[in-house]
Amino acid sequence: MDALLVDDSSTSRMRLREMLEAEPGVTVDAHADPVAALIEAQMRAFDLVLIDYHMPEMTGVAFIERIRTIPHYAQVPVVMITSDVCDAARLAALEAGATDFLAKRTTGVELRARLRNFVRLAGAVRRLAEQAAVLDGAAEAAMRHMHEREEEIIFRLSLAVEYRDNDTGDHTWRVARYSELMAEALGLAPEMCRRLYLAAPLHDVGKVAVPDGILLKPGKLDPEEFALIRTHAEIGRRILGGSESELIRLAAEIAGAHHERWDGSGYPNGLAGEAIPLAARIVAVADVFDALTTERSYKKALSFAEALSLIRAESRRHFDPACVAAFELCWPEVVATGRNGARTRAGRGAATEPWARVPMLLRETSADRPDAQDAAA
């Protein structure tokens with residue numbers, strides 16, 4: 001245990017130091033200068049502080065007020081050493097944050113007992129702080145584990161939807177990554193960029209309610225079929241809506257509005273402009289771009305340059321112009337993500353990434369199973 005002793009009297013310092021260090025495991029750092037002692041306290045975490053009341057450079061009360069502003073010393077026992085036992089002095093010390101008082105005229109036996117009690121108190125406070133740190137660490141680890149599981153469940157659910165589209169899961173990841181890149185380019189807070197990356201994969205979760213005969217139809221949809229597939233946006237919002245999870249609520253917002261259009265001609269609610277949630281406006285660009293650059297059984301993939309030209313042409317009609325500008329701003333990263341696909345995904349980083357715990361799906365090649373409809377339907 002480390003104790004800080006501040007007293008401008010060399011005799012008092014020597015006497016108190018000897019008594020404190022007579023206690024097992026106690027080491028004393030003694031100072032005559034309170035300013036130097038404060039500097040030392042900022043660099044070291046002392047378990048017990050004893051401060052003289054009357055000193056030339058700084059009063060003991062001022063010292064206590066200063067040391068209590070250092071985070072570590074919020075709970076550490078601070079003992080005022082004083083020969084002034086008047087009520088005004090005691091009240092000033094208590095208001096400054098003193099834990100107790102030690103009179104300089106205390107007899108030897110009582111002084112040793114009082115110091116021993118201060119040491120025991122300091123030890124108890126230290127043990128409680130250590131236990132609190134362990135509990136905080138455990139709680140933080142549990143919370144982190146819970147968030148990781150939540151993220152993994154989201155990605156696995158999104159893969160279940162894509163599996164019906166006969167995809168490998170890379171569409172989900174690419175849309176998530178494109179969305180994250182745009183959010184960063186728009187200057188959104190890092191926490192929001194991360195949440196968007198995690199929520200974007202559920203944009204098409206409502207397709208679980210669309211019959212396979214329509215979802216997997218190789219040809220053009222008739223008006224009735226197209227009307228049915230358009231219901232996936234509202235269904236997705238209902239599936240995810242009402243959650244206590246901030247992440248799931250964001251996913252619900254995206255699922256319900258990622259087919260709205262800037263000019264108000266989208267679905268399901270015909271929202272226009274900034275009435276469309278920003279997250280949905282971002283994902284709309286990412287989703288359509290990936291659909292345009294992905295090969296399907298009923299269409300060839302466009303080149304990245306061709307797809308970008310179409311995205312630009314739809315600015316202010318289909319897409320928020322600010323999102324299109326952000327998409328162009330992060331174009332090199334978009335191209336790298338689209339071209340490298342699974343390799344970019346696999347090498348993206350730590351094992352805590354949800355994709356690191358989610359396997360890639362094997363694409364089915366059976367001739368009697370058609371590929372999915374365009375993701376931008």
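Trainee: How many cavities of 30 Å³ or more does the structure hold?
Mentor: Keep in mind as we go that this is a predicted model. Cavities of 30 Å³ or more are what we are counting here, and the structure holds 3.

Trainee: What is the make-up, by class, of the lining of the second largest cavity?
Mentor: This cavity holds about 40 Å³ of space. Its lining consists of Glu-260, Arg-261, Trp-262, Ile-276, Ala-280, Arg-281, Ala-284, His-318, Phe-319 and Asp-320. Sorted by class, those residues come out as 5 nonpolar, 1 polar and 4 charged.

Trainee: Let's turn to the pockets. Which residues lie nearest the centre of the second largest pocket?
Mentor: About 220 Å³ of space lies in that pocket. Its lining divides into 9 nonpolar, 2 polar and 3 charged residues. Among the 14 lining residues, the ones nearest the centre are His-72, Val-76, Val-125, Arg-126 and Ala-129.

Trainee: Stepping back to the whole chain, what percentage of the residues is buried?
Mentor: The chain has 16 helices and 5 strands. Among its contacts with a separation of 6 or more, 68% join residues 24 or more positions apart. Of the 377 residues in the chain, the buried share is 47%.

Trainee: Which helix gives the most to the largest nonpolar core?
Mentor: That core has 47 residues, and Leu-240, Phe-289, Ile-311, Phe-327, Trp-331 and Val-334 touch the most other members. At least two residues each come from α5, α6, α7, α11, α12, α13, α14 and α15. With 9 residues, the one that gives the most is α12.

Trainee: And how many residues are in the other core, the one with Ala-41, Phe-46, Met-55 and Phe-63 among its members?
Mentor: In soluble globular proteins, nonpolar side chains tend to be buried together. Here the core with Ala-41 and Phe-46 lies apart from the largest one, and its number of residues is 25.

Trainee: Back in the largest core, which residues does Phe-327 touch, not counting those up to four places away in sequence?
Mentor: Phe-327 is one of the core residues that touch the most other members. Once residues up to four places away are set aside, its partners are Met-182, Val-285, Phe-289, Leu-308 and Val-334.

Trainee: Is Trp-331 buried or exposed?
Mentor: Trp-331 sits in helix α15. Beyond four places in sequence, Trp-331 touches Phe-289, Phe-304 and Leu-308. Its C-alpha atom is 9.9 Å from that of Phe-304, a residue 27 positions away along the chain. Because the relative accessibility of Trp-331 is 19% and the cut-off is under 20%, this residue counts as buried.

Trainee: How many residues apart in sequence are the parts that the pair of Phe-289 and Trp-331 ties together?
Mentor: The structure holds 7 aromatic pairs. Phe-289 and Trp-331 form one that is edge-to-face, with 5.7 Å centre to centre and 80° between the planes. Because Phe-289 lies in helix α12 and Trp-331 in helix α15, the pair ties together parts whose separation in sequence is 42 residues.

Trainee: Which residues do ring pairs link into a cluster?
Mentor: Phe-289 and Trp-331, both buried, belong to it. Taken together, the linked residues are Tyr-178, Phe-289, Phe-304, Phe-327 and Trp-331.

Trainee: How far apart are the C-alpha atoms of Leu-159 and Trp-173?
Mentor: Leu-159 lies in helix α5, which covers residues 108-164. Leu-159 is buried because its relative accessible area is 5%, under the 20% cut-off. Trp-173 is 14 residues away along the chain, and the C-alpha separation is 9.5 Å.

Trainee: Now a charged residue: is Asp-52 buried or exposed?
Mentor: Asp-52 is in strand β3. Leaving aside neighbours within four places, Asp-52 is in contact with Val-6, Asp-7, Asp-8, Gly-60, Met-80, Ile-81 and Lys-104. Its relative accessibility is 3%, so Asp-52 counts as buried.

Trainee: Which residue does a cis peptide bond join to Tyr-267?
Mentor: Omega of this bond is about 10°. The partner is found in the loop between α11 and α12, and its name is Pro-268.

Trainee: Last one: what is the phi of Arg-316?
Mentor: Arg-316 lies in the loop between α13 and α14. Arg-316 is exposed because its relative accessible area is 60%, over the 50% cut-off. Its phi is positive, in a residue other than glycine, with a value near 75°.

How values were computed. Residues numbered from 1 in each chain as written. Predicted model: local features only at pLDDT ≥ 70, side-chain atom pairs only at ≥ 80, totals over all residues. Heavy atoms only, no water. Helix = DSSP H or I, 4+ residues; strand = E, 2+ residues; numbered from the N terminus. Buried < 20%, exposed > 50% of the residue type's maximum accessible area, 1.4 Å probe, protein only. 1 Å grid on protein atoms, 1.4 Å probe; cavity = no way out; pocket = protein on both sides within 12 Å on 5 of 7 lines; lining within 4 Å. Points joined across faces, edges and corners; volume = space filled by probe spheres on them. Nonpolar A, V, L, I, M, F, W, Y, C, P; charged D, E, K, R; others polar. Core = buried A, V, L, I, M, F, W, Y, C linked by side-chain atoms within 4.5 Å. Contact = heavy atoms within 4.5 Å. Phe/Tyr/Trp six-rings, centres within 6.5 Å; stacked < 30°, edge-to-face > 60°.
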